[in-house]
Amino acid sequence: MITDARVLQQEFIPKEVQHRDSEVNYLSSILDPITQGESVEPTLLYGPSGVGKTCIAQFLLEELRRSVVDLNTQYVNCWEDYTRFKTLYELLDGVEKTVDIHRQSTPRDVLLDRLRGYTGGPYVVILDEVDQLQDKELLYDLHRIQPLTLILIANREEDVFSPLDERLHSRLRNTNRIHFTPYSNDEIVSILQDRARWGLDENVITEAELHEIADYSTGDARVAIGILRKAARTAQQESADRITSEIIAGVVSEAKLEIEQQTISQLTPHQRVLYDIIHEEGQVDPPVLYQKYQNRVEDPKTQRTVRNYLAKLDHYNLIEADGNTKSRTYRAIA
């Protein structure tokens, strides 16, 4: 039944991107000067999860590599590599300059100086989940490195720029911004049709069943692809001839749990403490939550930073936030 498992993975980059023509064209026009050896201002792609931000950024970098012979590229997930050192290390690794760097003993300023000394061709870097960077001043340091082009990806624009002081904000104010909105159900179905055509035997799933998956996904392509992958795997294990509505309904919870567990595994230590407290309490008000958080960590972050962490957990449906800022309650999702 499964003819190419790669296309059923979230990380798969298709040869064509559907339903994002305006976003693709805009980002392509922003990056075009690189083909002439010119520098480009940073670009922020922002919007909910599962709307194609990372896919389109990586898709266009592949397209750019066809035109620029000496182009270097690197993808960094700032949720995993959230410290200044880790991010710089990944950027240097993208141009093969980490051979003598020791993670425990090399001062982080040495990494920045080495990156500043980069003299190769254009270097385009995707900083995904960029709002998770502990040290936002790193964005300014990277912005000043001439051959470096930054593509920043985040859920909300304010999570990237609000924490910056006025000095940094003013210097990054020329950042290009591209907003992504959720897919419609029909667009999700179209995306799934491509994945099914590329990765499954013919006629093993109908358009009606793809619509059912789209309904379950609520506009999130990650969830939709995850359900399709799980349903195909289950049908194959059961030696079924096709993917039925019953199989789809039976895997939805497990597919969503897989994505949730993957997200939880990416949480920073401080975010994980907050997540654990909320799930232990079931429901908790901000003052109590912050006090319990302070009691569990050695170096508690500011309340503003904690609010940003909680917004991230809420955005990824790991918790629920009810009420406005002054009377907010955080609740575990069963």
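**View A. Thr54 in helix 2.** Thr54 sits in helix 2, which spans residues 53-65; helices (H or I, at least four residues) and strands (E, at least two) are DSSP runs numbered from the N terminus. The model is predicted: local features need pLDDT of at least 70, side-chain atom pairs count only at pLDDT 80 or more, and totals for chains, interfaces and linings use all residues. Residues are numbered from 1 along each chain as its sequence is written, and side-chain values use heavy atoms, with hydrogens and water left out. Thr54 counts as partly exposed because its relative accessibility is 22%; buried means under 20% relative accessible area, exposed over 50%, and partly exposed in between (1.4 Å probe, protein chains only).

**View B. Surroundings of Thr54.** Leaving aside residues up to four places away in sequence, Thr54 touches Tyr75, Asp128 and Ile153, where contact means heavy atoms within 4.5 Å. Leu152 is 98 residues from Thr54 in sequence, and the C-alpha to C-alpha separation of the two is 9.5 Å.

**View C. The five-stranded open sheet.** The strand order is 2-3-4-1-5, and the pairing is parallel; two strands pair if DSSP finds at least two bridges between them. Strand 2 (72-77) and strand 5 (176-179) are the edge strands, each pairing on one side only. On average, neighbouring strands of the sheet are turned by 15 degrees against each other, direction ignored. Axes here are lines fitted to C-alpha atoms, for helices over the stretch in contact, and angles run from 0 to 180 degrees between N-to-C directions.

**View D. Helix 1 on the sheet.** Helix 1 (residues 21-31) packs on the sheet and touches strand 1 (43-46), strand 4 (148-154) and strand 5. The direction of helix 1 makes about 165 degrees with that of strand 5.

**View E. Pairing of strands 2 and 3.** Six bridges join strand 2 to strand 3 (residues 123-128) in the parallel sense. Thr73 has Val124 in strand 3 as its bridge partner.

**View F. Asn203 between helices 8 and 9.** The loop between helix 8 (185-199) and helix 9 (207-217) holds Asn203. Although Asn203 is not a glycine, its phi is positive, at about 65 degrees. Asn203 counts as exposed because its relative accessibility is 68%.

**View G. Asn317 ahead of strand 7.** Asn317 lies in the loop that runs between helix 14 (303-315) and strand 7 (319-322). Asn317 is not a glycine, yet has a positive phi of about 60 degrees. With a relative accessible area of 52%, Asn317 is exposed.
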